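I set out to keep a short record of what I looked up in this structure. The entries are grouped by topic.

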Amino acid sequence: MSLSVSQLTKSFPTAEGVLPIITDCSFRLDKGQSLSVAGPSGSGKSTLLNIIGTLEPADSGTIMLDFENVLTLPAAKLPEFRRHKIGFVFQDHHLLPQCTVLENVLMPFLAEGRISDEQRQKAVYLLERTGLKERLNHRPAEISGGERQRAAIARAFVYEPELLLADEPTGNLDRKTAGEVFDLLLELTAGKMLLLVTHDPVLAAKTSKQGHIGNGVFQVNSE
Ligand code: ADP
Ligand code: MG
């Protein structure tokens with residue numbers, strides 16, 4: 001299991017012409033590794049994660065995840081591929097406000113049909129692991145910011161993705177809560193792959209590799 005990104009480039013068309021965002025990006029992440037991404041605002045961190053997560057097309061390059069180039073997957077296969085292989089956690093939890101915590105975590109299963117008892121048990125188990133056992137029937141507005149982020153993390157893990165992408169997952173949290181949520185992400189992705197954006201050098205130091213993007217170039221410290 002590995003993620004291998006080669007010569008990835010991305011630009012956006014604007015009224016003033018083509019705006020290059022990523023011009024040089026190659027790196028590798030192996031099973032059990034975590035990589036933090038830092039860089040100034042607007043440098044392309046979210047764009048990079050969105051491309052790897054198949055939410056956005058690239059201009060050129062390859063992204064191999066488990067011997068499959070995600071950039072050439074047919075559009076019709078993308079939703080299922082994403083659901084099963086990749087987990088997403090964003091800065092804003094993206095929980096549905098009208099649904100309970102448990103219902104939110106069950107949502108990826110619902111996308112594929114009726115929910116089985118086994119799937120319900122899985123969701124409850126993940127909510128126990130993320131410390132939300134006593135909050136299953138709360139709605140997002142009735143829990144704290146850290147709890148919402150933990151619910152979003154539980155939801156990202158229902159299909160046990162090999163790769164978790166997290167875009168500033170602790171950006172809206174206070175320092176202590178941020179540290180706890182960060183540690184939870186590392187714990188749940190042990191033996192898998194974690195790629196996450198963070199501006200906090202103390203948190204970034206906890207990942208196995210540190211990367212930086214600036215002026216279109218993404219570089220990993222150890223490569
Ligand atoms: P970061 O996450 O590092 O703050 P982003 O990846 O969100 O940066 O954005 C990188 C740059 O790409 C920004 O300058 C942004 O304005 C530009 N950008 C992002 N999405 C689009 C888009 N859909 N069309 C045009 N420009 C975009
Ligand atoms: Mg961003």
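The entries below concern a predicted model.

**Entry 1: the nonpolar cores**

I began with the largest nonpolar core, which holds 34 residues. Within this core, Leu127, Ile153, Phe157, Leu164 and Leu185 touch the most other members. I then looked up which elements supply at least two residues each: they are helix H3 (101-110), helix H4 (117-129), helix H5 (145-156), strand E9 (163-167), helix H6 (175-188) and strand E10 (193-197). H6 gives the largest share of this core, with 6 residues. Apart from this core lies another one, of 30 residues, and I noted Leu8, Ile21, Leu73 and Phe88 among its members. As background, I recorded that nonpolar side chains tend to be buried together in soluble globular proteins.

**Entry 2: Phe157 and Leu188**

I looked up the contacts of Phe157, leaving aside neighbours within four places in sequence. Phe157 is in contact with Leu126, Leu164, Leu188 and Thr189. I turned next to Leu188, which is found in helix H6. Leu188 counts as buried because its relative accessibility is 8%, and the cut-off for buried is under 20%. With the same sequence neighbours set aside, Leu188 is in contact with Arg129, Thr130, Ile153 and Phe157. I also noted a separation of 19 Å between the C-alpha atoms of Leu188 and Asn104, which are 84 residues apart along the chain.

**Entry 3: helix H5**

How far does H5 reach from its first C-alpha to its last? The span is 17 Å for 12 residues, close to the 16 Å expected at 1.5 Å a residue. I found H5 mostly covered, with 9 of its 12 residues buried. The buried residues are Gly146, Glu147, Gln149, Ala151, Ala152, Ile153, Ala154, Arg155 and Ala156. I noted that Glu147, Gln149 and Arg155 are on this list together with Ile153. The cover over the buried residues of H5 includes strand E8 (86-89), H3, H4, E9 and H6.

**Entry 4: helix H3 and Cys99**

Helix H3 is largely enclosed by the rest of the structure, because 7 of its 10 residues are buried. I list them as Val101, Leu102, Asn104, Val105, Leu106, Pro108 and Phe109. What covers them includes helix H2 (78-85), H4 and H5.

I then looked up Cys99, which is found in the loop between E8 and H3. Is Cys99 buried or exposed? Cys99 is buried, as its relative accessible area is 12%. Beyond four places in sequence, Cys99 is in contact with Asn104, Met107, His138, Arg139 and Pro140. Cys99 and Val181 are 82 residues apart along the chain, and their C-alpha atoms are separated by 22 Å.

**Entry 5: the surroundings of ligand 1**

Which residues surround ligand 1? I found Phe12, Ile21, Pro40, Ser41, Gly42, Ser43, Gly44, Lys45, Ser46 and Thr47. The largest share of this shell, 3 residues, comes from helix H1 (residues 45-52).

I checked the separations from oxygen atoms of the ligand. For Gly42, a backbone N or O atom lies 2.7 Å from an oxygen atom of ligand 1. For Ser43, a backbone N or O atom lies 3.2 Å from an oxygen atom of ligand 1. Ser46 takes part through its side chain, with a polar atom 2.9 Å from an oxygen atom of ligand 1. On its own, ligand 1 has 560 Å² of accessible area, and the protein covers 59% of this.

**Entry 6: Asp200**

Asp200 lies in the loop between E10 and helix H7 (201-204). Asp200 counts as buried, because its relative accessibility is 17%. I found that its side chain reaches the backbone nitrogen of Val202 at 2.8 Å.

**Entry 7: positive phi values**

Most residues other than glycine have a negative phi. I therefore recorded two residues with a positive value, Phe67 at near 65 degrees and Asn215 at about 50 degrees.

Phe67 lies in the loop between strand E6 (60-65) and strand E7 (68-69). With a relative accessible area of 80%, Phe67 is exposed. Asn215 lies in the loop between strand E11 (209-214) and strand E12 (217-220). Asn215 counts as exposed at 80% relative accessibility.

Technical notes: Residues are numbered from 1 along each chain as its sequence is written. Chains are lettered from A and ligands numbered from 1 in the order in which they are written. This is a predicted model: local features need pLDDT of at least 70, side-chain atom pairs count only at pLDDT 80 or more; totals for chains, interfaces and linings use all residues. Side-chain values use heavy atoms; hydrogens and water are left out. A nonpolar core is a set of buried Ala, Val, Leu, Ile, Met, Phe, Trp, Tyr and Cys residues joined through side-chain atoms within 4.5 Å. Buried means under 20% relative accessible area, exposed over 50%, partly exposed in between (1.4 Å probe, protein chains only). Helices (H or I, at least four residues) and strands (E, at least two) are DSSP runs, numbered from the N terminus. Contact means heavy atoms within 4.5 Å. The expected span of a helix is 1.5 Å times one less than its number of residues. A residue is near a molecule or strand if one of its heavy atoms lies within 4 Å of it. A polar contact is a pair of N or O atoms within 3.5 Å; within protein, one must be able to donate a hydrogen and the other to accept it, and residues adjacent in sequence count only if both atoms are side-chain atoms. Accessible areas come from the Shrake-Rupley method with a 1.4 Å probe; for residues, only the protein chains shown count as cover.
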